Amino acid sequence: MAESNKTGIQPFLRNDQYNFLKRQVKIIVQAHGATQDKGVLDATRINAVEKVLEMLPPLTDEQKQYILKAASMRESLQAELYLAKGRDFVIPFPEITNSEIRTLFPKAKKIKIPELGRSDAKRMTYMSWNDIRSERKYYISASAGDDRLERFI
């Protein structure tokens with residue numbers, strides 16, 4: 001189970017979903033700088049928030065309230081504070097060991113595994129590396145909603 005943060009909301013966003021939310025918030029803030037037309041601003045806010053909600057699984061009321069708050073962003077500083085709080089809601093990329101990597105790629109007998117230095121797990125969407133010897137690129141991504149890993153060659 002994921003750790004809850006100081007707001008009590010469980011992490012619910014993958015890094016790619018957080019980045020999409022960030023782009024939509026930027027669109028809302030840019031619209032406020034570009035126009036004063038209430039109709040255009042309302043349409044921009046509604047469209048941006050709906051796009052985010054469509055890409056997410058069903059949310060709790062608290063999670064949905066956080067996403068809906070994106071529509072109220074007007075200035076860059078306000079958006080930065082909102083998004084900084086949103087980092088707490090990002091599900092970290094699962095820790096992975098060399099043996100788990102070998103299990104994910106059973107046919108790659110002489111796979112060269114990269115150094116597994118710990119990056120910021122909340123900023124990782126996937127892990128990839130090039131194996132020069134086999135002339136292959138390997139990808140590992142976390143499955144949506146759980147700690148399972150998926151592999152791609």
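## Accessibility of D42

Is D42 buried, partly exposed or exposed? In this predicted model, D42 counts as partly exposed, at 24% relative accessibility. The sections below describe the helix that holds this residue, the salt bridges, and the surroundings of D131.

## Helix 2

Helix 2 comprises 18 residues, from 38 to 55. From its first C-alpha to its last it reaches 26 Å, close to the 26 Å expected at 1.5 Å a residue. At the N-terminal end, D37 acts as a cap: one of its side-chain oxygens lies 2.8 Å from the backbone nitrogen of G39.

The buried residues of helix 2 are L41, T44, R45, A48, V49 and V52. Viewed down the helix axis, they fall within an arc of 115°, so they line one face of the helix. These buried residues pack against helix 1, residues 15-34, and helix 3, residues 61-68.

## Salt bridges

The structure holds 3 salt bridges. Two of them involve D42: one with K38, where the closest N and O atoms are 3.0 Å apart, and one with R45, where the corresponding separation is 2.2 Å. Together, K38, D42 and R45 are linked in a network of salt bridges.

The positions of these residues along helix 2 can also be described. K38 and D42 are 4 residues apart, and are therefore separated by about one helical turn. R45 and D42 are 3 residues apart, which is likewise about one turn of the helix. The members of the network vary in accessibility: K38 is exposed, with a relative accessible area of 58%, while R45 counts as buried at 15%.

Another salt bridge joins the side chains of D16 and R14, with a distance of 2.9 Å from N to O. D16 is partly exposed, with a relative accessible area of 26%, and R14 is also partly exposed, with a value of 25%.

## The surroundings of D131

D131 is found in strand 1, which covers residues 126-131. This residue is buried yet has no salt bridge. The nearest side chain of opposite charge belongs to R133 and is 4.6 Å away; a salt bridge requires the nitrogen and the carboxyl oxygen to be within 4 Å.

The side chain of D131 nevertheless has polar partners. It reaches the backbone nitrogen of R133 at 3.3 Å, and it makes a polar contact with the side chain of S134, also at 3.3 Å. Leaving aside neighbours within four places in sequence, D131 is in contact with K110, I111, K112, R136 and Y138.

Note on methods:
Residues numbered from 1 in each chain as written. Predicted model: local features only at pLDDT ≥ 70, side-chain atom pairs only at ≥ 80, totals over all residues. Heavy atoms only, no water. Helix = DSSP H or I, 4+ residues; strand = E, 2+ residues; numbered from the N terminus. Buried < 20%, exposed > 50% of the residue type's maximum accessible area, 1.4 Å probe, protein only. Lys, Arg positive; Asp, Glu negative; His and termini not counted. Polar contact = N/O pair within 3.5 Å; in protein donor to acceptor, adjacent residues only side chain to side chain. Contact = heavy atoms within 4.5 Å. Expected span 1.5 Å × (residues − 1). Arc of directions from axis to C-beta.
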